[in-house]
Amino acid sequence: LTIAIHPTGPCWVSLTVDGDRVFSRVLRTGEREVHAADEEVVIIVGDTATFAFSINEQPGQLPRGAGQVATVTINRDNYRRYVIP
């Protein structure tokens, strides 16, 4: 699984890949983080309204709402749930 995070505005994000915390910080517009996982990715998002991402180069989706916090675990079995059809 390859996840690319590219927020549309300031957004606090914590990313854990295969059990290892990769980062936990505010990402700004124009920043991009790309990481590959063998097993799973856990994402904690501080504001789903400004969070943008893709999975395996397909646009991703989370429930949206200004100021809404979300925690998701994405793996090979469920990643299609988070991809825009």
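Let me start with the largest nonpolar core of this predicted model, which has 22 residues, and in which I5, V13, I43, F51, F53, I55 and I74 touch the most other members. If you ask which elements build this core, those that give two or more residues to it are β1, β2, β3, β5, β6 and β8, and the largest share, four residues, comes from β2.

One of the core residues just named is F53, and I would like you to find it in the structure, at residue 53 in strand β6, which covers residues 53-55. Leaving aside the neighbours within four places in sequence, F53 is in contact with I3, A4, I5 and H6, with Q58, P59, G60, Q61 and L62, and also with I74 and Y82.

Now to the strands themselves. As a general reminder, strands of a sheet pair through backbone hydrogen bonds, and they can do this in a parallel or an antiparallel way. Here four strands form an open sheet, with antiparallel pairing, and if you read across the sheet the order is β4-β1-β6-β7. Which strands lie at the edges? They are β4, residues 33-36, and β7, residues 58-59, each of which pairs on one side only. Between β6 and β7 there are two bridges, in the antiparallel sense, and as a landmark for this pair you can take I55, which stands opposite Q58 in β7.

The loop between β6 and β7 holds N56, and the backbone of this residue deserves a moment, since N56 has a phi near 50°, a positive value in a residue that is not glycine. That is worth pointing out because most residues other than glycine have a negative phi. As for its surroundings, N56 counts as partly exposed, because its relative accessibility is 32%.

Let me turn to strands β2 and β3, which cover residues 11-17 and 20-27, run antiparallel and are joined by seven bridges. One place to see the pairing is at S14, whose bridge partner in β3 is S24. How many residues lie between the two strands of this hairpin? There are two, and D18 in the turn has a positive phi of about 50°. With a relative accessible area of 30%, D18 is partly exposed.

Strand β2 also pairs with β5, in an antiparallel way and through five bridges, and here T16 stands opposite V42 in β5. From β5 we can go on to β8, since six bridges join these two antiparallel strands, with I43 standing opposite V72 in β8. You will remember I43 from the beginning, where it was listed among the core residues that touch the most other members.

Next come the charged side chains. How many salt bridges does a search of the whole structure find? It finds two. In one of them E31 is joined to R25, and the closest N and O atoms are 2.9 Å apart; in the other, the side chains of R25 and E33 meet, again with 2.9 Å given from N to O. Salt bridges that share partners therefore join R25, E31 and E33 into one network. Are the members of this network buried or exposed? R25 is partly exposed, because its relative accessible area is 31%, and E31 is also counted as partly exposed, at 26%. E33, on the other hand, has a relative accessible area of 18%, which is under the 20% limit, so E33 is buried.

Another polar residue to look at is T50, which sits in the loop between β5 and β6. Although T50 is in a loop, its relative accessibility is 15%, so it counts as buried. What lies around T50? Leaving aside the neighbours within four places in sequence, T50 is in contact with P7, T8, G9, P10, C11 and R64. For P10 we can say a little more, because a polar atom of the T50 side chain lies 3.1 Å from the backbone oxygen of P10.

Finally, a word about confidence, as this is a predicted model. The chain averages a pLDDT of 94, and 98% of the residues score at least 70. Among the elements of the chain, the highest mean pLDDT, 98, belongs to β4, while β8, residues 70-75, has the lowest, which is 95.

Technical notes: Residues numbered from 1 in each chain as written. Predicted model: local features only at pLDDT ≥ 70, side-chain atom pairs only at ≥ 80, totals over all residues. Heavy atoms only, no water. Pairing = 2+ DSSP bridges. pLDDT = per-residue confidence, 0-100. Salt bridge = Lys/Arg side-chain N within 4 Å of Asp/Glu carboxyl O. Buried < 20%, exposed > 50% of the residue type's maximum accessible area, 1.4 Å probe, protein only. Polar contact = N/O pair within 3.5 Å; in protein donor to acceptor, adjacent residues only side chain to side chain. Contact = heavy atoms within 4.5 Å. Core = buried A, V, L, I, M, F, W, Y, C linked by side-chain atoms within 4.5 Å.
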